[in-house]
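This report describes selected features of one structure for a reader who is new to the subject. Please keep the sequence and the 3D view at hand while reading.

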Amino acid sequence: MTPELHSFPRLAPGCRLNEKTQQPRTLLMPERALRLNGPSLEIVERCDGQHTVEQIIVDLQKIYSKAEPHKVEQDILGYLTLLQKERALDFAL
Amino acid sequence: MTSTIPNPLSLIAELTHRCPLHCVYCSNPLELQSRTKELTTEVWSRVFKEAAEAGVLQADFTGGEPLARPDIVELVRAARSAGLYVNLITSGLPLDEAKLAALVDAGLDHIQLSFQGAREETANEISGTKSHAQKLRVLDWLKRHRVAVTLNFVIHRRNIDQLEEMLAFAGSSCATRIEFANVQYYGWAFANRENLLPTRVQLDQSLTLIKREQERLQGRIRVEYVVPDYYAKYPKPCMGGWGRKLMLITPNGDALPCHAAQVIPGLTFENVMDRSLCEIWEQSATFQKFRGEAWMQEPCKTCDRRELDFGGCRCQALLLARDAAATDPVCSLSPLHSKVDAILAGINTATSAQIFAQPSWLYRPNPV
């Protein structure tokens, strides 16, 4: 299922980013960890319950202004879906 | 050995062997370590720092029962401030609500709460103690304190037919993850294997059910299922490969590549009191012993799967083939696979009355 554009993704209980001082930046989850870089880090940093999916898309389209906007949107939706399957996100309306 | 040793990702901190439960499949060694030899708070705190420096991301606090340590809150705080993700693997028995609040405040990231069954009678029989009612109270507190929780059910012949009940139970709790782990046959479980191994029919039914439930619960509860490797075609990549991802520290500070490594004769285990974690990981003979491929025999040596499963489990090779460097006999390619087939045949040709006869369990005691 595709995330709802107006929902607010937030890291699920037990999932958090490691500290800013720790490299590489990593999403820590129960029994798993995901190394983040570039766009994946930009996305996960915004999964704080304060940004809608739509706002995340707009932000990243600005940061990656050379990329095709529709492609950026599709990549973000795909990545959020993957994190949801990992049970790393909750979506609040 | 090449110079490109991967760094460890997980530290399994076996804080104590003391435990209020006496589970018949306990992963602790048959020879339990006594309280008087346990590492101090200070030494554990140093170990957590060294682990983080070596690249470890997660610390799994286990035991025995890790809550049996009176300094558990300090240990959680030390691991978290070292930069680790802190997971507490517990029966929940010695927990009360104030202790839980203190653990959360100290930076606990996640709790893995073990269940011995969905029904009180099964659970109490397997754990050799009355434990089920307390676990239900713990679940309530976890929900109230918004703690991330995985329910862990250890699966075997006597509860594998209760998976649906366990799922319903988990679905009504605050858990976001359920782990159904079939018993792995080492230590106490190896001694009780005749009464724990499920039948082929039971296993097949469980696989169908799990697949359906994984789809139904996707995005809400993550359902993991670990099959009993005696029934698998290929062995599991035990510990993600010897000395590749995980490091286990016993209550007295011995560094092990896996829970059961002490069954392998001839290995010596270095202690964190004598050397740093990083030195042990990179240089100790025991961690080098089965790292990479040089130790492999045929058929592993030339097998296409050798980088997927690393020849399976060294301890299982020792237990079943009497040779820790042999191909894990659960592998269908192993020349000794007939040993596993014979064990399974014994169970799958027995009558239901024989299979479910009241066993005389070998219960795990407490260390002296």
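In this predicted model, helices α2(A) and α3(A) are oblique to each other, because angles under 35 degrees count as roughly parallel, over 145 as roughly antiparallel and 65 to 115 as roughly perpendicular, and theirs is about 135°. Two packed helices are described by the angle between their axes and the distance between the axes. For α2 (residues 53-63) and α3 (residues 69-85) of chain A, the axes are 9 Å apart. The crossing of α2(A) past α3(A) is right-handed. On the side of α2(A), the contact is made by V53(A), I56(A), I57(A), L60(A) and Q61(A), while α3(A) contributes P69(A), V72(A), E73(A), I76(A) and L80(A). Sorted by class, the residues in this contact are eight nonpolar, one polar and one charged.

Helix α3 of chain A also takes part in the contact between the chains, where α3 and β3 (26-29) each supply at least two residues of the side of chain A that touches chain B. How many residues does each chain give to this contact? Chain A provides 14 residues and chain B provides 17 residues. The side of chain A that touches chain B comprises five nonpolar, five polar and four charged residues.

The largest nonpolar core has 121 residues. Among those with the most contacts inside this core are Y25(B), F48(B), A51(B) and C315(B). Leaving aside neighbours within four places in sequence, Y25(B) is in contact with residues including V154(B), H156(B), W188(B) and L196(B).

The backbone deserves a separate look. Most residues other than glycine have a negative phi, and most peptide bonds are trans. The table lists four places that depart from this pattern.

| Site | Feature | Angle |
|---|---|---|
| Q23(A) to P24(A) | cis peptide bond | omega near -10° |
| E298(B) to P299(B) | cis peptide bond | omega about 5° |
| R87(A) | positive phi | phi near 65° |
| F310(B) | positive phi | phi near 55° |

Each of these sites can be placed in a loop. P24(A) lies in the loop between β2 (16-17) and β3 of chain A, and P299(B) in the loop between α10 (285-289) and α11 (306-309) of chain B. R87(A) is found between α3 and β5 (89-92) of chain A, and F310(B) between α11 and α12 (314-321) of chain B.

Is R87(A) buried or exposed? R87(A) counts as buried because it has 24 C-beta neighbours inside 10 Å, and the cut-off is 20 or more. F310(B) has 26 such neighbours and therefore also counts as buried.

Note on methods
Residues numbered from 1 in each chain as written. Chains lettered and ligands numbered in written order. Predicted model: local features only at pLDDT ≥ 70, side-chain atom pairs only at ≥ 80, totals over all residues. Core = buried A, V, L, I, M, F, W, Y, C linked by C-beta atoms within 7 Å. Buried ≥ 20, exposed ≤ 12 C-beta atoms within 10 Å, placed from the backbone. Contact = placed C-beta atoms within 7 Å. Axes fitted to C-alpha atoms, helices over the stretch in contact; angles between N-to-C directions. Helix = DSSP H or I, 4+ residues; strand = E, 2+ residues; numbered from the N terminus. Left-handed = near helix turned anticlockwise from the far one by under 90°. Nonpolar A, V, L, I, M, F, W, Y, C, P; charged D, E, K, R; others polar.
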